[in-house]
Amino acid sequence: MSDVQGSAIGFRRPGLTLALLAFAQLIISIDYNIVYVALPEIGGSLGFSAQTLQWVVSAYAVAFGGFLLLGGRASDLFGPRRMFVLGLTLYAASSLAGGLADAPWPLVAARAVQGLGGALLFPATLTLISTGFAEGRERNRAFAVWGTAGGSGMILGSLLGGVLTQAFGWPAVFYVNVPLAAAAALLALPLITPAAVARARGRRFDLAGALTVTAGTTLVVFALVQGPESGWSAPPVITASAVGLLSLVVFVVIERRSADPLLPLRLLRGRDLGTGLIVTFLYMGTFGTLLYFLTVYFQVVHGYDALRTGLAFLVPMAAIVAGAQAAGRLATTRGTRTTMIISLVVGLAGAVLLGATLAVDASYLVLIPGLVVLGLGQGGGYTLMFGAATAGTDPHQQGIASGVASTAQQIGGAVGLAVLVAVANAGTHGLTGAALRAVTTDGLRTAVFVAAGGIAVTALVALGFTPVRRAITSPEASQVAA
């Protein structure tokens with residue numbers, strides 16, 4: 001058995017530390033899509049082909065998804081503070097390299113390193129929140145603040161990307177990260193002290209497990225990202241899928257035989273983590289894809305430019321913030337499972353309402369009710385799902401549990417987008433002008449309704465989370481760890 005120092009980390013300045021952790025999550029979320037609106041300018045400036053330009057986005061997603069388990073276990077073995085600082089340092093350095101890039105592949109490499117930084121930073125941040133704040137009111141509030149940053153950051157990325165690209169050119173979407181990530185890394189040193197972090201002692205690093213799971217996950221994510229672009233029968237996609245799945249099978253065999261595995265397989269049999277993996281997978285495959293389809297609707301159907309598209313997302317961003325804060329408060333009195341289900345049902349209603357109002361000639365005002373209700377549910381669900389997934393995990397295994405949950409998130413987003421893009425694009429080939437706008441709108445509406453069906457399934461799966469025996473209604477009760 002490993003000797004674990006600390007069950008709940010505790011911070012000397014919890015308010016400032018929570019602000020720092022939320023800020024780090026904001027950086028991760030912004031980087032998901034800040035480059036989207038800059039892609040045309042990047043492609044023209046650096047000479048990307050139509051086939052290679054997508055790798056400005058995909059390199060980040062592949063590296064992020066492929067290295068999450070490794071990042072999670074590294075957080076357990078070497079401490080979340082070290083991984084937090086290292087992840088931010090990689091963000092700062094790779095963002096500087098991306099802004100300075102003068103050819104396609106240096107920029108793609110910089111984006112991959114950004115993804116690696118995210119794979120180290122995300123589990124470390126979740127571990128620090130899960131073990132640094134007492135269960136109950138304090139932890140629910142922490143996850144509400146963290147979820148607000150994460151949920152709104154993805155939309156803020158679209159707005160910020162449009163503003164920066166239009167005002168300063170595409171390198172600005174990379175340069176903006178340099179001072180932000182560097183400042184966060186420096187602030188972590190005094191706020192998160194070495195003595196405060198939970199860290200496993202006497203553990204060895206499972207190199208064989210790390211290599212096989214990283215290779216397997218990376219190749220599977222690559223296939224999911226590249227499949228819609230190259231075709232699912234393309235040799236690179238088939239090869240990556242086959243080798244990736246084989247690597248994951250080998251990983252399972254290694255973990256079963258290892259005395260000190262990278263991922264103890266018994267963790268996956270836990271009720272909360274097992275349920276959480278499915279919930280995070282489905283959440284990102286549904287809620288997580290709708291931002292893309294709304295972007296297509298605003299730009300292709302209504303002809304919005306990058307800046308106007310970003311501004312159109314201010315309403316759902318405000319709703320996500322409100323939903324995240326409400327869910328954090330409600331979870332304290334009604335429990336995480338009940339609040340999670342309520343959030344998903346609200347999001348389901350919002351998706352149905354949004355789908356019903358999508359039309360070629362629909363004004364933005366007509367869409368607002370659906371965007372608001374959807375945002376409330378989306379913000380609440382994002383705030384709760386990671387904490388619910390890792391709730392029953394020991395403190396010294398929070399890193400790997402967070403890594404597994406976030407890997408499910410990444411793969412779910414890739415699978416959901418691939419499926420729903422195929423649904424939305426059916427029948428659009430060869431069309432132009434008004435005919436293209438009409439068919440595109442029909443396809444987007446169908447994709448939103450399919451996503452709504454997926455959200456309904458997610459709500460049913462969330463019933464599998466452990467119910468609370470009683471509601472926590474007082475600050476004193478919220479300090480008692482289960």
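## Starting with one buried serine

A residue is called buried when its relative accessible area is under 20%. S406 sits at 0%, so this serine counts as buried. Keep in mind that what you're looking at is a predicted model.

S406 belongs to helix 16, which runs over residues 398–425. If you skip the neighbours within four places in sequence, S406 is in contact with L68, F122 and F386.

## The overall fold

Zooming out, the protein has 18 helices and 2 strands. Its C-alpha trace spans about 65 × 45 × 40 Å along the principal axes. A compact globule of 482 residues would have a radius of gyration near 23 Å, and the protein comes in at 21 Å, so the two agree.

Of those 482 residues, 56% are buried. Take the contacts between residues at least 6 apart in sequence: 84% of them join residues at least 24 apart.

## Helix 5

Helix 5 covers residues 104–132, and its 29 residues should span 42 Å at 1.5 Å a residue; the end C-alpha atoms are 41 Å apart, which agrees. This helix is mostly covered, with 23 of the 29 residues buried.

## The largest pocket

Now for the open space. The largest pocket holds about 1,400 Å³. It's lined by 45 residues, and the closest to the centre are Y36, V57, Y292, L417 and V421.

Several helices supply at least two lining residues each, among them helix 1 (14–33), helix 3 (55–78), helix 9 (207–230) and helix 16. Helix 16 is also the home of S406. By type, the pocket lining splits into 27 nonpolar, 16 polar and 2 charged residues.

## The closed cavities

How many cavities of 30 Å³ or more does a search of the whole structure find? There are 2. The largest has a volume of about 200 Å³. It has 19 lining residues, and I155, F287, L291, I320 and Q378 lie nearest its centre. Helix 6, helix 11, helix 13 (314–334) and helix 15 (364–389) are the elements that give two or more residues to this lining. Helix 11 gives the largest share, 7 residues. The lining is made up of 14 nonpolar and 5 polar residues, with no charged ones.

The second largest cavity is about 40 Å³ in volume. Lining it are L290, F293, L294, Y297, L354, L358 and V448, which makes 7 nonpolar residues, no polar and no charged. Helix 11 turns up again here, with the largest share of the lining at 4 residues.

Conventions
Residues numbered from 1 in each chain as written. Predicted model: local features only at pLDDT ≥ 70, side-chain atom pairs only at ≥ 80, totals over all residues. Heavy atoms only, no water. Buried < 20%, exposed > 50% of the residue type's maximum accessible area, 1.4 Å probe, protein only. Contact = heavy atoms within 4.5 Å. Expected span 1.5 Å × (residues − 1). 1 Å grid on protein atoms, 1.4 Å probe; cavity = no way out; pocket = protein on both sides within 12 Å on 5 of 7 lines; lining within 4 Å. Points joined across faces, edges and corners; volume = space filled by probe spheres on them. Nonpolar A, V, L, I, M, F, W, Y, C, P; charged D, E, K, R; others polar. Rg over C-alpha atoms; globule rule 2.2 N^0.38 Å.
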